[in-house]
Every structure is written in C-alpha cells, then in structure tokens.
Amino acid sequence: METSAQKILIADDDASIRLVLSQAFTRLGYQVRATGNAATLVKWVTEGEGDLVITDVVMPDENIFEVLPHIRRRRADLPVIVMSAQNTLTTAVNAAELGVFDYIAKPFDLDDMTEAAKRALDRPADGEAVRAQARAVRDERLPLIGRSAPMQEVYRTLARLVGADLTVLIQGESGTGKELVARAMHDLGRRRDGRFVVMNLAAAPRDRVDSELFGRGEGDAGKIAEADGGTLFLDEIGDMPLDAQTRLLRIFDGADTALNPKTGRRSNVRVIAASNRELRGLIQQGLFREDLYFRINVAPIRLPPLRERLEDVPDLARHFLVRAHREGLPSKTIDQAAIERLQSHPWPGNVRELENLIRRICALYPEPMVTARIIDLELSESAVPGGKALGVASLSEIVCDHLTGYFASQPGGAPPDGLFDRVMAEVERPLIKLTLAATRGNQLRAARMLGLNRNTLRKRIHDLDIALERPRP
C-alpha cells in the first residue's frame, strides 16, 4: 500500500504534540487526522477510518487502556502505538497485554516515533499473533521502580518477553535488581503458576554445584527438578564451574536429562541466567563455555547501574522509606536537599546500596525528616555504616556494622543458606588480591605473607577467579 493511501489517527490532549506529529507524518506523505479526546478516536475507528492509531494513555474523557478492548473488538488488526508520561513497568506491561504494537515513553524522539509508525504500517496483519504473544497480568505492586530513559528500555524489553518462553540472560552490576527482573518475568509470564527457583552460583560451594543443580540421584531432586513447570533463575552464572557448565549445556541440547523424581519425566524448565561479570571476558580466559553463552543469551537484558539513572533516585528513596515503615521501622519523609545529596553520590552498590542506606537511616536516626545532614553523615568518606570513623573502628566493628545492615535488609532478618562461605569469600578475595599486589604477583611471597601453603593459595586464586598479573622484577 502506498503511503498516500495510509491514514494515521492521532489522539492526544496536548495540542502541541498533535501539531508536531501531524506535521511530521504529513511531510512523510501520510494522511493524518488528530483529536484531543478518546471518544472521537473511537468514533473514527468504528467508522473504519485509519490504518494506524497513535494515542496518549491518559485522555480527558477516558484512559486509553479502557478503550482499547473496544477498538480491538471492532478492528482486531489495526495497529496501535501508545505514548505515555506515566513511564512505569505497569504501563508497558498493560500496553503489551492489550496487544499494542509499540509503547513509547514521553518525552519521545520524533525519529523514534516515525520509525515505529513505519514498522507498524509495513507489518503483515497479524492481530491474533500479537495478542497471543503479549501475555501479562496487571500488578501495581511490581518491584521495579524508575521512570528514566534507561529503565524505559528495560520495561519495553520485559513487556515483549513476558509472553514468550525464551531463555534470558540478565547482565548488570551487583545491586541493580537482576533477581527482581527475573521474578517479574516469571510472575507476569505463562509459567507464573509454577515455582520460581533460585540458585546463586557465587554463594554455592563449587564442589556442590553439580549435585545441587542436577540432584544426587536415587530420588534426590536438584534445582532443575524443583523448578519443573516453572522458572530456574541461575544467579551469577559466571561463577559456575566448567564441569557443571558442560552438563548444563548437555541438558539444553537434550543429550542429558534432568528427571523429576516425582513424575519420572524430563523437567520442563525456563532458564533465566544473570551475571555481574562480563561473560565474553570469561570466555577469553577459558572460564566460561562459549557454546553455553550462546544458549543462555537468546534474549539479553542489560540493567543500567544507578549512576546512569540518577533521575530515579527520588522515586526509589521514597519507595524504600514506605517499605521500611511497612516492615516496622519508623515513618520518615525526605527533603529536597537530601534528595539532591543522594543524586550526587556515585552509588557503587547501586539500588541495593541505596535501599540499605534508607533502612539504616530509618533504624538509627530519630528525626522524622531525612535531611542532607543525615545523608552526609552516612555517605561521608570518613565514616562507615553506623557512623564510626575509619581511624577509630576496628575491622571487627566494621564487619559487625556491615553484617547488621545486611541482616536487617533480608526478608524476616534471615539471609539465605550458605552465609559463612559468602562472607568469607567477600573478605578473602580482596585480602588475596591486595597481598598479590603487595608482592608484585609473587605467589610464593604472598603465601608466606598470608601464612598459607603455596598450593592452598593457588587453589583459592582459582576458586575465587582472581586474575593474575605476571610477576614483575
């Protein structure tokens, strides 16, 4: 169909947006009709007008999500692009649930809008397939917070993937919310009635990964069998030992089976993997199988670090204040100066660091208002959690304060099993790295300095995946 025969219907209560879009599409050779209310849009669609609808979500007379089912019943194959300033995951998921062709956040780039329109008009009529693929549920309590442009991309990707059953790889720094994204994909997807089973490869002892994942035989179910019919979330998959990687690949390829001892059948599992490490770099080091990488990287999602989405800090901080109060901590508000101080921080620990900070403030400070002074006390380079100066607090006190905040941040105050190994690894890794740096990479001298056997040191370097530099003269 020639563009001269194609008509675009635009609905937005903002006259300037209607004007900009009308002029842009008219210049491209399309016919355009624009309105400021949903009722007129429905009337045009009902009368058979239009080859594409571009509409805002919140209109003066109707929310477009309430109108779309009526449009779908009348014109099932009519593509719809929605735009909204209410840029949340719920908005994107609702759009996908209703079979919307694309969701574009306001303020939008005009080139992005025109490209989306061209794709919508050029696509084959396939309304039923679109609706079948866009399966989700509405949930205002979704755990992902943020309206920034980087988060909009995450929401759009999630909205497209929740209705599929693809293997997904989520990559992002520690504390960016990889498990929250995986849970959202499970809760919104077709496997939501099944179990969501988590295995943290960084926390599991390396010699027990195989048995925990695949089971020990004789009716002992591993994580794969536990997740039968649901989702298996492999967190920090970059820490998986090579022998377990090989067997997992054989599971993917069907050469090995992970039987559910309850049913006697092969487990039917969707795998979502996550890593805070660059897997391609691990492949080059021989620590991760390239063929497994391609099997888990069917649908990649990158979670932005908090420093790339600082405009989300106010929403996140207020959300964590509400959550802390709901969990029994004192109710607090936060002033604008404190928000600005939070936005100036680089957040190396990302969203998890921000949440722990807010919880700590709610627990330790009696003031009902969180001020910039309180934020400065907590973020000061001369202080550690709990307010002790670095020159005064012992290592034991620093560790105690850190673990106190960690325990407080866990649901019910109880961390997952395997805490001892995780804490030891957190201390052991920097200790060995700093010792190797002090000895210029000389492992014999480092072993003596640490009081370890050289072979023991070599094993710990391998187990902790510590990169080695050549000894320097």
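## Salt bridges across the structure

A salt bridge is counted here when a side-chain nitrogen of Lys or Arg lies within 4 Å of a carboxyl oxygen of Asp or Glu. By that criterion, a search of the whole structure, which is a predicted model, returns 27 salt bridges. Three pairs and one network are described further below, after the two sheets.

## The sheet of β1 to β5

Five strands make up an open sheet with parallel pairing, and their order is β2-β1-β3-β4-β5. The edges are taken by β2 (31-35) and β5 (102-105); each has a single partner strand, so one side of each has no neighbour in the sheet. From one strand to the next, the twist averages 15°.

The pairing can be followed strand by strand. β1, residues 7-11, is joined to β2 by five bridges in the parallel sense, and Ile8 has Val32 of β2 as its bridge partner. β3 and β4 run parallel and are joined by four bridges; in this part of the sheet Asp56 stands opposite Met83 of β4. Four bridges also connect β4 with β5, again in the parallel sense, and here Ile81 stands opposite Asp102 of β5.

## Helices packed on this sheet

Helix α1, residues 15-27, lies across four strands: β1, β2, β3 (52-56) and β4 (80-84). The helix runs at about 175° to β2. Helix α2, residues 38-46, lies across β1, β2 and β3 and runs at about 140° to β2.

A further helix, α3 (residues 64-74), belongs to a β-α-β unit together with β3 and β4. The unit is right-handed.

## Burial of β4

How much of β4 is buried? Five of its five residues are, so the strand is mostly covered, given that buried means under 20% relative accessible area. In a regular strand, side chains alternate between the two faces of the sheet. In β4, Val80, Val82 and Ser84 point one way, while Ile81 and Met83 point the other way. All of these residues are buried.

Two of them also appear in the pairing described above: Met83 is opposite Asp56, and Ile81 is opposite Asp102.

## The sheet of β6 to β10

Another open sheet of five strands has parallel pairing and the order β7-β8-β9-β6-β10. Its edge strands are β7 and β10 (299-302), each of which pairs on one side only. The twist averages 20° from one strand to the next.

Strand β6, residues 168-171, runs parallel to β10 and is joined to that strand by four bridges. Leu169 stands opposite Pro300 of β10. Helix α7, residues 149-161, lies across β6, β9 (270-275) and β10, and runs at about 155° to β10.

## Individual salt bridges

Arg195 and Glu226 form a salt bridge in which the closest N and O atoms are 4.0 Å apart. Arg195 is in the loop between α8 (178-188) and β7 (196-200), and Glu226 is in helix α10 (residues 223-226), so the pair ties together parts that are 31 residues apart in sequence. Both partners have some exposure to the surroundings of the chain: Arg195 is partly exposed at 49% relative accessible area, and Glu226 is partly exposed at 29%.

A second salt bridge joins the side chains of Glu367 and Arg373, with an N to O distance of 2.6 Å. Glu367 is partly exposed, with a relative accessibility of 25%; for Arg373, also partly exposed, the value is 46%.

## A long-range pair and a network

The side chains of Arg460 and Glu428 form a salt bridge at 2.7 Å, N to O. The pair links distant parts of the chain, with Arg460 in helix α21 (residues 454-463) and Glu428 in helix α19 (residues 419-438), 32 residues apart. Arg460 is partly exposed, at 24% relative accessible area.

Asp102, Arg119, Arg156 and Arg160 are joined into one network by salt bridges that share partners. One of these residues, Asp102, lies in β5, opposite Ile81.

Key:
Residues numbered from 1 in each chain as written. Predicted model: local features only at pLDDT ≥ 70, side-chain atom pairs only at ≥ 80, totals over all residues. Heavy atoms only, no water. Pairing = 2+ DSSP bridges. Helix = DSSP H or I, 4+ residues; strand = E, 2+ residues; numbered from the N terminus. Axes fitted to C-alpha atoms, helices over the stretch in contact; angles between N-to-C directions. Contact = heavy atoms within 4.5 Å. Buried < 20%, exposed > 50% of the residue type's maximum accessible area, 1.4 Å probe, protein only. Right-handed = clockwise from strand over helix to strand, strands pointing away.
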